[in-house]
Amino acid sequence: MPEVFDVIIVGGGITGTSLMYMLSRFTGVKSILLLEKYDKIAPLNSNSRSNSQTLHFGDIETNYSLEKIRKVNRVSTLTLKYCMALPERFRNSTIQECQTMVLAVGKEESEQISKIYDSGIREIFPTMRLLNKNEINELEPNVVAGRDPSEQITGLTSGHGYMVDFGKLSETFVEDATKNDKVEIKVVFNHKVIDTKKTDDYYTVRTDKGEEFKGRFIDFSTGTYSLYFAKKMGLEQNLSILNIGGGFYNSRRVLKGKVYRFQHSGIPFAAIHADPDINDPNVTRFGPTVKVPLSLEKGKRGTFMDYVKSFDFDLDTLKSLKNIFFEKNIRKIIRQNFVYDIPGVGKRSFMKHEVNKIIPTLRINELKFAPEMGGIRPQIIDERTKKFAVGDDKIKGEGLTFNITPSPGASACLGNALVDAMDISKYLNLDFGSEGFTRSFGIEPEKIYSSYD
Ligand SMILES: Cc1cc2nc3c(=O)[nH]c(=O)nc-3n(C[C@H](O)[C@H](O)[C@H](O)COP(=O)(O)OP(=O)(O)OC[C@H]3O[C@@H](n4cnc5c(N)ncnc54)[C@H](O)[C@@H]3O)c2cc1C
């Protein structure tokens, strides 16, 4: 084991493992250490039971700007290319094709979705089409069956979609990274990083086991914890995160593919949707619900203080929160989801306002809450605009990067990894293998990098 690693990655979710792959495959980095506080790869949000398993291209995100759609489409295509090149025995359990559509329910949503269709999205997705009730019926009969005939519904689909087990994909990245015998790779589980200090030209990372590891560059791919670490190291005073927890309900399989409800602009997370589970062909999942947990990890109340520290409360934080909670659509979502939690009436209300909007004939006794499913999305608040930022972000310091990764962070993993790998190469005075990257992914890395500016 080297005395000083070139790179230490903290966090073994999809962000950390995809970076490990990118560094090993396309840079001259000689040694990488990955530190994960649990006993396996992808234990938290990247695990398939925590997220919606959707490879997001921007075609079902009615809340994204065209610029954001272009970026998401470009980086998620990297993930698709990587998955499709996997050997068959891994490929089928990691990625599966599945039809995907957005569903607008009612006149107002239908009008808005038609506007989106005419807004330039077809330049990005030439196969995009609007679906009337009969066409929706052909793709997903249960969406139309039993619906009030006077209720207007409109669909939007680009005709292709994929579900991904992002946990398995994370494991594959680690396996692929270790194939390069010119790079020394070490993965250490059950070590929680508690402190990082700069000493001369490297950092010393201390874990809860009392061990110390040295690294020239430290990449925090710690999901909901990344902003906490950045603030602890004196970086980034203009961001906060509002953690949005999401849970799921299960029913028997009632859909062929993924059906996302229309999402209003200004709301950074996807609306409730229904979809198959890549690991269980017999169920349809409904979710994620919207909760505002006061913790950094699902069910871990002990992380409350770390969450408070990542806020770093000041007047701008308070003004941002006030601005966000006063936004009509956000207030409505939070109010509705508060009701969904009330014993007895909650499930009935969720059924009426969410589930039956997608599948009108599903009955309450066919829907079961899945307590083991769900995770936390660290939604970024930009205290300069006092609004939610859409998507992920990274904070950069000298020899440091912190990745904050709400949805679609899993889809965008290779874009994030590329940017970090190029930054790390520059910092360590190493070449980045642009030609090899372009050969593998069919796009020049600089084009991806510049879209992150
Ligand atoms: C309900 C829900 C639905 C979603 N749906 C989708 C979707 O359909 N498509 C999509 O692309 N994205 C989706 N996302 C977002 C996606 O799951 C995340 O963007 C992604 O998993 C983030 O990966 P990550 O590796 O950055 O974080 P994580 O998977 O959370 O990994 C962070 C890792 O860091 C480790 N760690 C933290 N602190 C320390 C420490 N001190 N020391 C050592 N290790 C530490 C943790 O144990 C963990 O393993 C969804 C998220 C949720 C919650």
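In which loop does Pro408 lie? Colleagues, Pro408 belongs to the loop between β19, residues 400-404, and α14. I begin there since the helix that follows will return several times in this talk. Please keep in mind that the model is predicted.

The bond that leads into this proline deserves a remark. From Ser407 to Pro408 the peptide is cis, and omega is near 10°. A second cis peptide bond is found between Gly287 and Pro288, where omega is about -10°. Pro288 sits in the loop that runs between β15, residues 280-287, and α10, residues 304-311.

One further backbone feature concerns Ala42. Its phi is near 55°, which is a positive value in a residue other than glycine. Ala42 is placed in the loop between β2, residues 31-35, and α2, residues 66-84.

Let me turn to helix packing. Two packed helices are described by the angle between their axes and the distance between the axes. Consider helix α1, residues 14-26, and helix α14, residues 413-427: their axes come within 8 Å and cross at roughly 50°. An angle of that value makes α1 oblique to α14. The crossing in which α1 passes α14 is right-handed. On the α1 side, the contact includes Ile14, Leu19, Met22 and Phe26, and on the α14 side it includes Leu414, Leu418, Ala421 and Ile424. By class, the residues of this contact comprise 12 nonpolar, 3 polar and 1 charged.

Helix α14 also meets α2. Here the axes come within 6 Å and the crossing is at roughly 105°. The angle therefore makes α2 roughly perpendicular to α14. From α2, the residues Val75, Leu78, Thr79 and Tyr82 meet Cys413, Leu414 and Gly415 of α14. This contact between α2 and α14 divides into 5 nonpolar and 2 polar residues, with no charged residue. Cys413 and Leu414 of α14 thus appear in the contact with α1 and again in the contact with α2.

Next, the sheet. How many strands does the open sheet have, and in what order do they run? There are 9 strands, in the order β5-β6-β4-β13-β14-β15-β12-β16-β17, and the pairing is mixed. At the edges stand β5, residues 129-131, and β17, residues 387-388, each of which pairs on one side only. Within the sheet, β12, residues 239-252, and β16, residues 368-382, are paired in the antiparallel sense over 11 bridges. In that pair of strands, Tyr249 stands opposite Phe369 of β16. Towards the β5 edge of the strand order, helix α4, residues 107-117, lies across β4, β5 and β6. The helix runs at about 135° to β4, which spans residues 100-105, while β6 covers residues 153-157.

Finally, the ligand. Its surroundings consist of 43 residues, of which Gly11, Gly13, Gly223, Gly246 and Gly409 are the closest. Which element supplies the largest share of the shell? That element is β16, with 4 residues. Both α1 and β16 supply at least two residues each. As to character, the shell has 15 nonpolar, 24 polar and 4 charged residues.

To close, two elements link the parts of this talk. Helix α1 crosses α14 and contributes to the shell around the ligand. Strand β16 pairs with β12 and provides the largest share of that shell. Thank you for your attention.

Note on methods
Residues are numbered from 1 along each chain as its sequence is written. This is a predicted model: local features need pLDDT of at least 70, side-chain atom pairs count only at pLDDT 80 or more; totals for chains, interfaces and linings use all residues. Two strands pair if DSSP finds at least two bridges between them. Two residues are in contact if their C-beta atoms, placed from the backbone, lie within 7 Å. Axes are lines fitted to C-alpha atoms, for helices over the stretch in contact, and angles run from 0 to 180 degrees between N-to-C directions. Angles under 35 degrees count as roughly parallel, over 145 as roughly antiparallel, 65 to 115 as roughly perpendicular and the rest as oblique. A crossing is left-handed if the near helix is turned anticlockwise from the far one by less than a right angle, and right-handed if clockwise. Ala, Val, Leu, Ile, Met, Phe, Trp, Tyr, Cys and Pro count as nonpolar, Asp, Glu, Lys and Arg as charged, and the others, Gly among them, as polar. A residue is near a molecule or strand if its C-beta atom, placed from the backbone, lies within 6 Å of it.
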